[in-house]
Amino acid sequence: MVHVFTKKEKKSLLNKREILKTSLKLLVEEGFESFSMHKLAKKLDWAVGTAYRYYPSKNLLFFELEKRVIEDYGNVIIRAKDSKGKRS
């Protein structure tokens with residue numbers, strides 16, 4: 001059975017994606033120590049409470065960001081191995 005997302009679920013997923021994308025950009029620009037949820041909210045043009053609703057702390061946000069980066073990197077490696085095997 002395929003899950004059909006509600007409008008609210010879609011918006012939540014899109015917001016989380018935007019938070020992660022903006023967080024990564026802000027992290028590269030300013031570094032971990034300078035990063036704050038307040039700066040993130042400002043960059044997103046959101047109230048800081050909105051950002052905290054999705055990620056209650058900087059550490060939880062970075063854990064999710066780290067997990068996504070590792071997953072993406074793993075997917076790149078898998079695709080590279082698959083394409084190498086097809087050329088042999």
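**Exercise 1.** Is Val69 buried, partly exposed or exposed, and what is its relative accessible area?

*Solution.* The structure is a predicted model. The relative accessible area of Val69 is 42%. Buried means under 20% and exposed means over 50%, with partly exposed in between. Val69 is therefore partly exposed, because its value of 42% falls in the middle class.

**Exercise 2.** Locate Val69 in the secondary structure, and name the residues with which Val69 makes a nonpolar surface patch.

*Solution.* Val69 lies in helix α4, which covers residues 58-87. Together with Leu24 and Val28, Val69 makes a nonpolar surface patch of about 260 Å².

**Exercise 3.** State how many salt bridges the structure holds, then describe the one between Glu29 and Lys43.

*Solution.* The structure holds five salt bridges. One of them joins the side chains of Glu29 and Lys43, with an N to O distance of 3.1 Å. This pair connects distant parts of the chain: Glu29 belongs to helix α1 (residues 7-30) and Lys43 to helix α2 (residues 37-44), and the two are 14 residues apart. As to exposure, Glu29 has a relative accessible area of 48% and is partly exposed. Lys43, at 43% relative accessibility, is also partly exposed.

**Exercise 4.** Give the N to O distance of the salt bridge between Lys39 and Glu30, and classify each partner by exposure.

*Solution.* The side chains of Lys39 and Glu30 form a salt bridge with an N to O distance of 2.9 Å. A salt bridge requires a side-chain nitrogen of Lys or Arg within 4 Å of a carboxyl oxygen of Asp or Glu, so the pair qualifies. Lys39 has 35% relative accessibility and counts as partly exposed. Glu30 has 34% and counts as partly exposed too.

**Exercise 5.** Explain how Glu64 and Arg68 are placed along helix α4, and identify the network to which they belong.

*Solution.* Side chains of opposite charge can pair when their charged atoms come close. In this model, the side chains of Glu64 and Arg68 meet in a salt bridge of 3.0 Å, N to O. The two residues are separated by about one helical turn, because they are four residues apart in helix α4. Their exposure is then read from the accessible areas. Glu64 has a relative accessible area of 13% and is buried, whereas Arg68, at 35%, counts as partly exposed. Finally, Glu64 and Arg68 are linked with Lys67 in a network of salt bridges.

Key
Residues numbered from 1 in each chain as written. Predicted model: local features only at pLDDT ≥ 70, side-chain atom pairs only at ≥ 80, totals over all residues. Heavy atoms only, no water. Patch = residues over 30% accessible without salt bridge, like charges linked within 9 Å, V, L, I, M, F, W, Y side chains within 5 Å. Areas by Shrake-Rupley, 256 points an atom, 1.4 Å probe, with all protein chains shown as cover. Buried < 20%, exposed > 50% of the residue type's maximum accessible area, 1.4 Å probe, protein only.
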